[in-house]
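These exercises are meant to be worked through with the sequence and the 3D view side by side. Try each task before reading its solution, and follow the steps in order.

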Amino acid sequence: MKKFLVLLFISMLVLSACSSGSNSEADADTNDIKVWAWDPNFNVKAMELAKEAYKEENSELNIEIIENAQDDIIQKLNTSLSSGTTKGMPNIVLIEDYRAQSFLRSYPDMFYAVDDAINTEEFAKYKIPPTSFEGKQYGVPFDSGVAGLYVRTDYLEEAGYSSEDLQNADWEQVIEIGKAVKEATGKQMITQDPKDLGLLRMMIQTSGAWYLEEDGVTPNIANNEALKEAFRLYKEMIDADLVKPHADWSQFIASINNGDISMVPSGNWITPSIKAEASQSGKWAVAPFPKLPGMESVNASNLGGSSWYVLNIPGKEKAAEFLGKTFGAEGKFHQQFVEEIGGVGTYQPALEGDAYQAEDEFFGGQKILSDFASWTEEIPQVNYGLHTYVIEDILANEIQKYLDGENLDTVMDNAQSLAEQQAK
Amino acid sequence: MRFIKDRLHPNGLFMKLFFITVSLIMLVAVTVTLATIRMAEQFFVEKFSITNSQIINQIQNDFEELNYSIVMAATDISQSNTIETYLLTDEQPDNERILRLFLVMRQIDNLREQLGDQNVEIAIADQTEIVYTTNFTYWPAASIDMRAHHITQSVTAEPNKLLYFQASQGNADDYVVAAKTLMNRETDQAYGAVYFPIKEEQLRSFYQDYVKAGNDFYVLNQEGKVVSSSITNTIGTSLPELHQQAETMVMDGELFQEINKEDTSKIMVAEYLPYFNMYLVNMVDKQAAVGNLIDTKQIIFLLAGVVVLALVIVFLVTKRLTNSLSKLVNDIEAVPKKGLKRRLDYTGTYETKQIGLAFNSMMDELQGHVEKLLKAQKQQRQAELAALQQQINPHFLYNTMASIKFLVMMGERTEAEKTIDAFITLLHNTIGNVDESITVELELANLKNYVLINQKRYGNKIQVQFMVAPDCMQCQIPKLILQPFIENSFFHAFHKTAAGTISVLVWKEADELLCEIADNGDGMAADGKELPNTNRNRQLFSGIGVKNVHERIQLLYGTDYGVTIASKAGEGTTVKLRLPAIHTEPDEENVI
């Protein structure tokens with residue numbers, strides 16, 4: 001897979017090198033549109049498809065896609081936008097939903113509202129709050145990041161379970177199965193990066209909760225029952241030795257592909273990585289994301305997911321129109337996005353397309369895209385607000401204390417006060 | 001060609017002077033220019049190298065700072081119990097490991113943060129594989145067996161050192177990896193290693209600002225491999241030659257070196273990076289560095305301009321100097337053709353003026369001498385002639401005296417008286433009159449007296465007629481100029497023919513006075529154009545013979561005048577004298 005990444009990256013570079021001819025940003029009537037995105041396998045590829053599809057619409061528009069690491073994009077955006085210069089900035093940039101509000105709030109004039117280019121009604125509802133600001137729509141919702149629980153059916157069977165047992169399940173039930181599987185096969189349930197609390201984020205979103213209040217600013221930790229429950233479940237899994245630690249992405253993928261773990265709770269974008277180990281074909285299934293026990297919660301959540309933003313620089317109208325006519329309209333693009341990338345979009349009309357009905361032999365013939373699409377509609381809408389990652393840093397620290405045996409309420413209170421200090 | 005040569009020939013001095021001066025100017029110009037360019041180049045190279053070695057020192061500092069921060073991080077990691085425990089205790093259950101992992105990650109993340117903006121990441125490994133890396137896209141970017149890795153093996157061999165390695169991965173980014181073994185201080189057992197993958201761009205950024213066209217940097221490790229370079233395609237390749245040069249340079253403490261590689265000349269500055277155990281090499285294309293400073297084209301144009309200007313000036317000045325000389329030479333050459341009276345006229349330089357002056361005074365003197373000489377010669381000649389004409393032949397005297405005695409004896413008193421009168425007048429006119437020239441009238445009187453005397457002696461068989469144009473009577477002629485011819489006819493023309501007539505004709509034709517003495521005597525053979533030498537004849541009246549007459553006339557009047565003789569055997573002889581018609585006393589000064 002790495003080789004493939006490298007290859008794609010290089011071809012990207014070559015492509016961008018080829019198309020980088022004349023860039024006159026000062027020209028208001030420019031036909032050159034620059035796009036920044038990360039992940040050549042998914043985001044960049046999707047943009048390539050959109051570019052191809054748009055050629056039928058407007059062949060004069062010259063779209064240049066530049067691949068950058070997400071951290072680099074964030075850094076460059078912050079540096080440029082905070083100094084008020086737009087020199088060298090792209091027309092379109094991909095921003096993760098968790099971070100979007102922070103940008104929109106900090107630099108409201110630097111983004112161009114796309115209300116005229118898309119119909120927000122047509123997108124998954126949960127995507128709208130993170131991508132809009134003060135009643136205006138700024139982001140064109142892209143991938144859903146809809147979460148699922150990927151499970152090894154062969155391991156489950158050894159412990160006497162099937163993927164049926166995971167339908168509409170809550171975490172208590174899942175942990176029980178995990179324990180049984182571990183007993184039967186010796187394989188741990190999940191693998192976890194102790195710094196990355198994506199699992200907890202997915203858990204709390206099932207009940208419509210987040211690290212912040214609905215205003216997107218006030219930390220909501222001490223009295224956040226969903227978060228407390230997620231903490232508790234996390235500790236339970238660790239105490240039961242169901243969690244295999246990993247330190248980075250490659251170790252994460254290695255654990256999955258080596259068959260070290262029985263379940264992967266993650267966003268749908270993990271599908272290509274799981275399918276990369278072809279020998280495991282037919283041994284996987286995708287179950288709905290488990291809900292939190294004992295509270296209002298649904299079997300649907302989200303991890304990651306990002307949207308396209310148009311910067312308020314010359315070429316913005318054309319850029320917005322391009323996004324609206326591809327990501328925000330029915331057409332060839334969505335079909336190809338599903339068929340060629342296996343992605344799940346957030347444009348509702350497309351979710352009913354034939355492509356989503358395809359059965360995936362790797363997942364035992366399961367129509368995973370169709371399932372993801374239906375779960376997408378159920379994802380509770382939350383406001384990710386401004387400080388997702390600031391608070392997550394605090395929580396990652398505090399949860400260690402909890403795991404070490406400190407009282408949960410004390411830990412949460414402590415986290416709350418730290419968050420109030422740091423997240424303003 | 002011949003024309004040019006002829007033109008140039010008199011200017012031999014000019015040509016020599018001009019060409020020598022031109023060659024010297026060229027020589028001086030070229031030598032001075034070359035020396036100047038060389039000196040300037042050396043100066044620039046030296047300055048440039050000093051600046052560059054300062055830059056190199058700056059870069060070296062940056063490298064050392066990076067090394068220092070890495071060393072600090074490595075020390076922190078090697079002293080961390082948390083990390084040691086995590087790496088050592090593999091057997092613990094995962095639920096405890098996950099807590100420890102978090103702490104390890106936190107600590108390493110903090111250390112990473114302390115490294116700041118630099119493109120350096122941290123990876124720690126236990127004895128088999130990478131356990132945690134702050135950026136998984138960096139080296140080694142794939143889970144590989146670290147035990148077999150050459151970096152691990154090298155650091156294990158030197159456990160207390162932080163070592164730097166070059167790590168390229170095909171088409172991916174190039175890295176320099178700093179690595180150190182993690183050792184337990186008490187047991188001296190290695191429990192893992194820490195790696196600091198540094199993006200090559202980071203090292204490049206230290207010197208990137210100084211990179212220009214023709215100014216390149218290389219960082220070479222001990223194997224001569226390029227670790228970092230401004231010429232990116234050389235990264236990872238081996239340049240053992242360059243490494244060897246750098247090593248020698250640093251060892252010898254040389255500041256810079258000039259290297260002639262292929263057809264380019266380069267200035268090389270090298271510095272050892274001690275902690276990295278690498279060489280930082282700066283190669284500057286001399287052409288790019290110095291070539292721009294010295295505009296050879298402009299210098300050559302300027303030089304050519306100055307030389308041409310100098311040539312023009314030299315040409316003009318030399319021409320002016322040598323012109324007066326060559327004119328002098330020309331004039332001197334012309335002197336023999338044009339006569340001694342020619343004088344030089346000079347306006348040239350002091351020297352040529354002096355030469356002209358000296359020449360003129362020399363010519364004056366010479367002319368004076370020649371004139372004196374001529375005058376002396378003439379005087380001598382005249383003295384000679386005078387002497388000759390004074391010399392009355394004694395035979396003539398006593399023959400005449402004998403004739404008179406005979407007449408007296410015969411009693412012909414009247415005849416004797418007449419003869420004595422004629423003899424007295426003749427002697428008076430020839431000996432008594434000291435003048436050179438006399439009138440035609442007087443000469444005729446002398447002739448008549450001479451004829452009378454001869455007729456008294458020899459009888460009247462030979463008659464003499466005088467036909468003289470009246471306007472000739474007062475013309476001046478040299479004394480005794482006609483007498484020798486009559487004498488000649490008297491004694492030589494009438495051997496076969498006993499009687500005859502001698503006619504003397506004198507007339508004027510234009511400016512010339514013509515005298516003709518014709519006899520109807522024997523005549524001479526066709527070839528007898530020359531007059532007989534009668535000098536030794538005892539019957540002669542004076543020392544002047546016919547032979548002298550021609551010479552005398554020419555001496556007196558020039559070559560236009562003289563004597564011509566026409567004679568035919570049996571018919572007589574005609575002698576014709578051509579003389580200038582001079583009425584007044586002639587000015588002898590004008591003759592020369």
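**Exercise 1. The end of a helix**

Task: Find which residue just after H3(A) takes a positive phi, and describe the helix that precedes this residue.

Solution: The model is a predicted one, and the first step is to go to the residue that follows H3(A), A:Gly84, where phi is positive at about 80°. The second step is to look back along helix H3 of chain A, which covers residues 70-83 and has 14 residues. From the first C-alpha to the last, H3(A) reaches 20 Å, close to the 20 Å expected at 1.5 Å a residue.

**Exercise 2. The make-up of the two chains**

Task: State how many helices and strands chain A has, and how many chain B has; then give the buried share of chain A and of chain B.

Solution: Begin with the elements: chain A contains 17 helices and twelve strands, while chain B contains 15 helices and 17 strands. For burial, a residue counts as buried if 20 or more other C-beta atoms lie within 10 Å of its own. By this cut-off, 49% of the 424 residues of chain A are buried, and in chain B, which has 592 residues, the buried ones make up 31%. A last step looks at contacts between residues separated by 6 or more positions: in chain A, 77% of these involve residues 24 or more positions apart, and in chain B, 65% join residues at least 24 apart.

**Exercise 3. Where chain A touches chain B**

Task: Work out how many residues each chain gives to the contact, and which elements of chain A take part with two or more residues.

Solution: Counting by chain, the contact takes 22 residues from chain A and 18 residues from chain B. On the side of chain A, the elements that give two or more residues are helices H1 (2-19), H9 (225-239), H10 (249-257) and H16 (388-403), together with strand S9 (243-245). H10(A) supplies the largest share of this side, with four residues. Sorted by class, the side of chain A that touches chain B has ten nonpolar, five polar and seven charged residues.

**Exercise 4. A sheet of three strands in chain A**

Task: Give the order of the strands in the open sheet that contains S7 of chain A, and explain why one side of each edge strand is left without a neighbour.

Solution: The three strands lie in the order S10-S7-S11 of chain A, with antiparallel pairing. S10 (263-267) and S11 (284-288) of chain A stand at the edges and each has a single partner strand, so one side of each has no neighbour in the sheet. Neighbouring strands of this sheet are turned against each other by 30° on average, direction ignored. To follow one pairing in detail, take strand S7(A), residues 147-152, which is joined to S10(A) in the antiparallel sense over five bridges; here A:Val151 stands opposite A:Met263.

**Exercise 5. A sheet of five strands in chain B**

Task: Trace the open sheet of five strands in chain B and name the strands at its edges.

Solution: The order is S7-S6-S10-S9-S8 of chain B, and the pairing is antiparallel. S7 (226-229) and S8 of chain B are the edge strands, each pairing on one side only. Now move through the pairings: S6(B), residues 215-220, is joined to S10(B) by six bridges, and B:Leu220 stands opposite B:Tyr279. Between S9(B) and S10(B), the latter covering residues 278-285, there are eight bridges, with B:Val269 opposite B:Asn282. These two strands form a hairpin with four residues between them, where B:Asn277 takes a positive phi near 55°. Finally, S8(B) (residues 257-261) and S9(B) (residues 264-273) share five bridges, and B:Asn260 has B:Ser265 as its bridge partner. Their hairpin has two residues between the strands, and B:Glu262 in the turn has a positive phi of about 50°.

**Exercise 6. Annotated stretches of chain B**

Task: Find which residues of chain B the UniProt annotation "transmembrane region" covers, and describe the chain there.

Solution: According to the unreviewed UniProt entry, the annotation covers residues 12-37 and 299-318 of chain B. In the model, residues 12-37 of chain B are 100% helix, and the end C-alpha atoms are 37 Å apart. Residues 299-318 of chain B are likewise 100% helix, with end C-alpha atoms 27 Å apart.

Technical notes: Residues numbered from 1 in each chain as written. Chains lettered and ligands numbered in written order. Predicted model: local features only at pLDDT ≥ 70, side-chain atom pairs only at ≥ 80, totals over all residues. Contact = placed C-beta atoms within 7 Å. Nonpolar A, V, L, I, M, F, W, Y, C, P; charged D, E, K, R; others polar. UniProt positions renumbered as here; feature names shortened; annotations may be inferred. Expected span 1.5 Å × (residues − 1). Buried ≥ 20, exposed ≤ 12 C-beta atoms within 10 Å, placed from the backbone. Pairing = 2+ DSSP bridges. Axes fitted to C-alpha atoms, helices over the stretch in contact; angles between N-to-C directions.
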